[in-house]
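Welcome, and please bring your viewer to the front. We will take a short walk through one structure, selecting a few things at each stop.

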Amino acid sequence: MNNLNSNVPCATPSEGAQDQSVTSLDVLVVGAGFAGVYAVHRYRLQGLSMLCVEAASDVGGVWYHNCYPGARCDVQSFDYSYSFSRELDQEWIWPERYSGQPAILEYLRHVVTRFDLRRDMVFNTRVTAARWDDEAARWLVETDTRRRFSCRFVVLATGALSAPKDPDFDGLKDFKGQWYQTSRYPHEPVSYAGKRVGVIGTGSSGLQCIPVIAETAQHLTVFQRTAVFSKPARNHKIPPEVYAEQRARYPEYRAELKKSVGAVNMPAGTQSPFELDEAERERVLEAFWNNGFLNMSSAFKESPYDLAANAIVVEFVHRKIRSIVKDPQVAESLCPKDHPVGSRRPCIDTNYYETYNRPNVTMADLKKDPIVRITPDGIATRDKHYPLDIIIFALGFDSICGSQTRIDIRNGEGLSLAESWADAPLTYLGYLTPSFPNLFFVMGPGNPSVIANCITMSETDSDWIGECIAWLDRNGKSRIEADEKTAIDWMQLVSDIADKTLYVKANSWYMGSNIAGKPRRFLSYLGGYPSFVEISKRSASEGYSGFKVS
Ligand SMILES: Cc1cc2nc3c(=O)[nH]c(=O)nc-3n(C[C@H](O)[C@H](O)[C@H](O)COP(=O)(O)OP(=O)(O)OC[C@H]3O[C@@H](n4cnc5c(N)ncnc54)[C@H](O)[C@@H]3O)c2cc1C
């Protein structure tokens with residue numbers, strides 16, 4: 001093992017490099033979101049020499065970058081938090097059932113301070129490239145600050161939803177007003193008072209910011225391409241007695257979560273709509289509409305899989321939208337009709353549909369009248385011009401593999417990861433890909449990642465990677481990569497399971513459909529968190545079967 005931060009002479013300094021040395025490490029963790037923060041804690045305890053490099057100026061990841069108005073988690077805070085420390089569970093107080101972005105960021109900052117992790121973190125530094133030196137069995141990693149690292153292992157904790165889909169509308173560069181992306185929101189306050197604001201995009205982020213911005217904007221126009229299914233979040237402050245109870249039973253609560261398919265507390269329907277009379281069906285649907293969880297599609301036992309059962313839920317949500325939204329034309333635009341409920345990322349909201357009843361809110365349905373260009377003072381659709389002072393793009397992400405393929409990572413033969421994954425990302429368990437030794441992914445493609453509770457997944461993945469590195473060291477091995485045949489079979493299994501669900505019936509970021517040229521393929525393992533843990537533990541206990549170790 002190498003000494004932490006030891007500097008060794010650089011063999012091939014970059015042209016014009018200011019820092020002529022390379023920091024030598026066991027592990028370089030890239031990204032300081034929930035995953036990277038836990039990885040630093042985990043690998044430090046393990047005694048590895050390690051640093052974490054983060055492009056932003058602080059920890060937080062998603063919760064640093066997405067500081068748009070109304071940003072909050074939509075998995076309950078009791079679930080959307082680390083489980084690795086009982087003391088942390090006991091001392092931290094979540095203010096609300098679904099905490100807002102400031103509270104989540106504060107939590108992460110608290111964790112970093114509490115476990116003294118900041119000293120192993122380097123901020124304002126983006127990893128731009130990594131080259132595998134086969135002879136030395138090390139990665140040489142380059143950054144945009146010219147600081148370089150030589151390490152035995154790279155752990156990419158770069159985020160499944162962190163590579164923003166940037167706006168590419170004609171005319172944007174000539175827009176005279178202000179424009180922002182929800183995924184890279186300014187940390188300074190933005191005032192909407194007296195302003196004509198346009199929001200483009202109605203995914204989770206759009207749904208969260210629209211009601212909040214509408215409260216102070218002079219006028220808000222929502223540009224909607226695809227209507228989405230949402231339901232009330234029923235967010236509320238957590239009463240002290242509930243907290244006391246939760247504290248007392250945190251360990252059991254966490255253990256129960258880990259037995260569930262998504263590692264979250266979320267009820268799922270146990271009845272078939274076809275065995276219920278109309279009144280009973282309605283009672284079940286009302287209960288799911290009102291429970292505040294992301295689970296409308298699970299109201300009945302077969303509604304996540306069966307189109308006929310799903311259609312009953314769809315029809316119920318349409319009725320709800322029509323009963324809330326007063327303008328019948330706007331209500332129709334808001335009713336999703338081109339995909340089953342639950343096939344795109346589900347949403348929960350606070351007053352989303354109600355916002356369209358405000359006199360200062362207009363819906364621009366882009367299915368009927370698409371955007372043609374951005375003008376110096378607004379947005380031109382085919383039939384209209386909307387004058388605007390502020391445009392907010394809520395366009396989502398190049399999800400699941402975008403943050404990894406945007407780095408110029410090359411293996412011993414000079415092949416890049418982006419080239420290698422051009423047709424489809426290939427991993428075993430989401431952890432390693434063939435021919436790129438010692439390059440680990442946290443929540444990579446093929447992992448349950450965005451489908452399961454991401455905080456639980458980030459702990460599970462970093463633990464597995466840490467144990468793997470320890471095993472390699474104990475057994476005198478220096479490299480590990482995914483076996484190609486096993487990885488092909490695994491990704492096929494991931495696809496086959498998805499094909500049995502309704503996810504494949506929608507164009508969504510889950511399917512890569514939001515990015516031009518991205519292969520249409522479902523990239524997350526839907527077999528459930530417990531089965532994933534069992535498979536990955538089995539591989540480890542068999543000396544990392546399914547991986548090539550040398
Ligand atoms: C608005 C929003 C709400 C969400 N809500 C939920 C929720 O309620 N429940 C849930 O389970 N999941 C939710 N998610 C998913 C979310 O991605 C995960 O929950 C989790 O925060 C991911 O943590 P992470 O550390 O893996 O990635 P991120 O938080 O994305 O962190 C990755 C970090 O890597 C850095 N990075 C990337 N590339 C480089 C590079 N080349 N060099 C240096 N640094 C780099 C980024 O700057 C970023 O800080 C949400 C996502 C978004 C966008």
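**First stop: the ligand**

Select the ligand together with V62: a backbone N or O atom of V62 sits 2.8 Å from one of the ligand's oxygen atoms. Keep in mind as you look that this is a predicted model.

Next, add E54. Here a polar side-chain atom of E54 is found 2.7 Å from a ligand oxygen atom. Then move on to V127, where a backbone N or O atom lies 2.9 Å from a nitrogen atom of the ligand. With these three contacts on screen, turn on the surface: the ligand taken alone exposes 990 Å², and the protein buries 95% of that.

**Second stop: the shell around the ligand**

Now widen the selection to the 31 residues around the ligand; those that come nearest are E54, V62, D74, Y80 and V127. Try coloring the shell by residue class, and you should find 19 nonpolar, 9 polar and 3 charged residues.

Which helices each supply at least two residues of this shell? Select residues 34-45 for helix 1 and 62-65 for helix 2, and you have them. Helix 2 gives the largest share, with 3 residues.

**Third stop: a pair of helices**

Leave the ligand and select helix 13 (residues 454-474) along with helix 15 (residues 529-541). Their axes come within 11 Å and cross at roughly 5°. Because angles under 35 degrees count as roughly parallel, helix 13 is roughly parallel to helix 15.

To see what joins them, show side chains for T456, M457, T460, D461 and W464 on helix 13. On helix 15, the contact is made by Y529, F532, V533, S536, K537, S539 and A540. Color this contact by class as well: its residues divide into 6 nonpolar, 4 polar and 2 charged.

Terms used. Residues are numbered from 1 along each chain as its sequence is written. This is a predicted model: local features need pLDDT of at least 70, side-chain atom pairs count only at pLDDT 80 or more; totals for chains, interfaces and linings use all residues. Side-chain values use heavy atoms; hydrogens and water are left out. Axes are lines fitted to C-alpha atoms, for helices over the stretch in contact, and angles run from 0 to 180 degrees between N-to-C directions. Helices (H or I, at least four residues) and strands (E, at least two) are DSSP runs, numbered from the N terminus. Angles under 35 degrees count as roughly parallel, over 145 as roughly antiparallel, 65 to 115 as roughly perpendicular and the rest as oblique. Contact means heavy atoms within 4.5 Å. Ala, Val, Leu, Ile, Met, Phe, Trp, Tyr, Cys and Pro count as nonpolar, Asp, Glu, Lys and Arg as charged, and the others, Gly among them, as polar. A residue is near a molecule or strand if one of its heavy atoms lies within 4 Å of it. A polar contact is a pair of N or O atoms within 3.5 Å; within protein, one must be able to donate a hydrogen and the other to accept it, and residues adjacent in sequence count only if both atoms are side-chain atoms. Accessible areas come from the Shrake-Rupley method with a 1.4 Å probe; for residues, only the protein chains shown count as cover.
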